[in-house]
Amino acid sequence: MQGTALRVTVVGGGVSGLSSALALARQGHEVTVVERDDPPMPASADEAFEWDRRGAPQVRHSHAFLARLRNLLRDRYPDVYESLLAEGATEMRFGDDLPPTLVGFQPAPSDADLVMLACRRTTFEWVLRRFALDEGSVSFRTGTGVAGLVSEVRHGVPHVTGVRLENGEVVTSDLVVAAAGRRSTLPDWLAEVGARTVPEEVEDTGIVYYSRWYRLRDGESYPPRSGPIGGDLGYLKYGVFVGDNRTFSLTLATPVDDDALRKLLADPEVFAAVGRELVATAPYLDGRAEPITPQVHVMAGLLNRWRDYVVDGEPVVTGLVAVGDAVLCTNPLYGRGCSTAFWGANLLADAVAACDGDVRDIALAYDASLRAEIYPWYRSGVEQDAEARRVAASHLAGIDPDADTTDPRTFMRAVFREGLLPAMRTDAVVMRAFFRSFNLLTAPDALAKDADVGARVFAVWQDRENRPPEPRLGPASRTDLLALIAA
């Protein structure tokens with residue numbers, strides 16, 4: 001390592017905290033991870049799935065590990081990546097399981113980067129924690145949470161010098177990394193030390209999220225993955241997430257205002273019955289697998305949120321930066337949470353390496369990279385969710401969301417449904433561009449700005465009258481689904 005070695009305190013031991021700890025420790029910094037949970041270290045991936053992580057209730061929900069994250073692992077942490085594969089995680093490569101209608105496919109050099117990692121969140125955290133524990137310059141303080149910050153004033157701004165634990169102990173540091181998750185009270189801690197108010201952008205995602213995990217029975221295999229892996233029916237969204245060690249999860253998401261579906265989908269029998277009516281999930285529920293979570297896990301109160309810790313060009317405090325959900329939360333259905341958390345932790349490490357111990361410069365450089373690299377994905381998700389809420393409200397009211405043909409949103413939905421989706425089944429250029437965007441390898445507007453891709457999609461859309469209607473991904477209406485549940 002070159003430059004100043006820092007004493008770093010990481011508050012929180014989830015993906016963003018462990019990622020930050022490992023990245024900074026490998027730069028030569030001394031890292032202490034403080035976490036309220038104190039579970040024993042699992043001995044296997046399946047033991048990790050039973051981990052008692054009360055501070056992270058979302059760990060047994062569906063998670064995606066997108067190519068952006070996988071490539072960071074491959075390039076910066078090859079030992080961690082190899083260990084994940086050894087523990088049962090698998091690679092999902094672009095070019096595998098292609099639709100039979102996609103003719104003339106030829107691999108491209110860029111496809112080497114277009115690889116997702118199939119893994120449970122608990123397995124991913126377990127392997128990260130194991131490497132952090134073995135790093136040598138990372139220590140863990142578990143079983144007690146953080147009660148607040150310790151600070152002094154420097155240059156007229158609060159400067160954080162450590163954290164105060166719930167047991168009264170003070171842990172001093174040169175840099176505090178706040179990684180306490182989406183329920184973090186960090187803004188309150190900052191207010192207590194006299195920092196400026198942290199501005200927030202907050203939008204409800206509009207969904208309630210239901211997940212259940214399964215494992216393939218002996219002798220069984222996954223269904224062919226050449227078709228859709230999820231769908232959006234307007235009144236219900238759903239997806240399949242392949243995990244490690246022959247596991248997978250199904251996720252259903254219903255609008256927050258749909259009281260009937262919200263109550264029904266929490267029932268394991270109803271959850272399975274609905275899954276068998278959906279094109280992408282039905283093959284997984286044909287008897288080839290058995291549940292490994294007896295209940296359906298439910299998450300509500302899901303927000304899109306962005307917090308600014310740099311205001312008018314200056315950090316609200318020095319000596320502290322925030323990572324992961326303490327900075328941004330997005331709709332979990334897009335599968336970006338773990339990937340942006342890991343990505344953000346490495347952007348922080350890059351800022352620390354570039355700024356040689358100057359904590360003000362670290363905060364500014366890190367904020368600039370977050371704004372340039374990750375904020376556009378936050379905005380994209382907010383815009384997608386706003387349109388999804390409009391469509392869901394129409395379905396709930398019994399109104400066709402596409403009835404107003406003069407609304408430009410109706411036109412864009414038609415192009416997506418009757419242009420982009422069929423083009424992805426027949427045109428490798430379109431499919432590749434879509435999956436590069438989905439995997440955070442291009443900017444969120446890259447697909448729309450690509451003239452070649454746009455021309456290919458519109459050519460397919462213009463030919464829509466000469467082919468059969470697009471196959472439905474589930475019951476045509478919410479009323480139809482409710483009737484099937486009641487039958």
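I take a patch to be made of residues with over 30% relative accessible area and no salt bridge, nonpolar side chains being joined within 5 Å. The model I examined is predicted.

**Entry 1: surface patch.** With that definition in hand, I looked for nonpolar side chains grouped on the surface. I found that Phe411, Met412 and Phe458 make up such a patch, and their accessible area together is about 280 Å². I then placed Phe411 in helix H12, which spans residues 408–426. I noted a relative accessible area of 35% for Phe411. Phe411 is therefore partly exposed.

**Entry 2: aromatic pairs.** I searched the whole structure for paired rings and recorded 18 aromatic pairs. I looked up Trp306 with Tyr378, a tilted pair with 5.9 Å from centre to centre and 45° between the planes. The partners belong to distant parts of the chain, 72 residues apart: Trp306 is in strand E17 (residues 303–307) and Tyr378 is in helix H11 (residues 375–396). I checked the accessibility of both residues and found Trp306 buried, as is Tyr378. I also noted a cluster in which ring pairs link Phe94, Phe105, Phe434, Phe435 and Phe438.

**Entry 3: charges over rings.** I next looked for arginine side chains placed over aromatic rings. Arg68 lies over the face of Trp343, and I recorded 4.0 Å from the ring centre. For Arg464, I found the charged end over the ring of Trp461, at 3.8 Å from the centre of that ring.

**Entry 4: Thr254.** I located Thr254 in strand E14, residues 247–255. Is Thr254 buried or exposed? Its relative accessibility is 0%, so I entered Thr254 as buried. I then listed its contacts, leaving aside neighbours within four places in sequence; among them are Gly206, Ile207, Val208 and Tyr210. The list also includes Tyr235, Leu236, Leu261, Arg262 and Leu265.

**Entry 5: positive phi.** I looked up two residues for their backbone angles. His155 is not a glycine, yet its phi is positive, at about 55°. I placed His155 in the loop between strand E6 (146–154) and strand E7 (157–165). Because its relative accessibility is 84%, I counted His155 as exposed.

Leu440, likewise not a glycine, has a positive phi of about 65°. I found Leu440 in the loop between helix H13 (428–438) and helix H14 (446–449). Its relative accessible area is 0%, so I recorded Leu440 as buried.

Terms used:
Residues are numbered from 1 along each chain as its sequence is written. This is a predicted model: local features need pLDDT of at least 70, side-chain atom pairs count only at pLDDT 80 or more; totals for chains, interfaces and linings use all residues. Side-chain values use heavy atoms; hydrogens and water are left out. Rings of Phe, Tyr and Trp (its six-membered ring) pair if their centres lie within 6.5 Å; planes under 30 degrees apart count as stacked, over 60 as edge-to-face and the rest as tilted. Helices (H or I, at least four residues) and strands (E, at least two) are DSSP runs, numbered from the N terminus. Buried means under 20% relative accessible area, exposed over 50%, partly exposed in between (1.4 Å probe, protein chains only). A charge sits over a ring if NZ of Lys or CZ of Arg is within 6 Å of the ring centre and within 35 degrees of the ring normal. Patches are made of residues with over 30% relative accessible area and no salt bridge: like charges are joined within 9 Å, nonpolar side chains (Val, Leu, Ile, Met, Phe, Trp, Tyr) within 5 Å. Accessible areas come from the Shrake-Rupley method with a 1.4 Å probe; for residues, only the protein chains shown count as cover. A salt bridge is a side-chain nitrogen of Lys or Arg within 4 Å of a carboxyl oxygen of Asp or Glu. Contact means heavy atoms within 4.5 Å.
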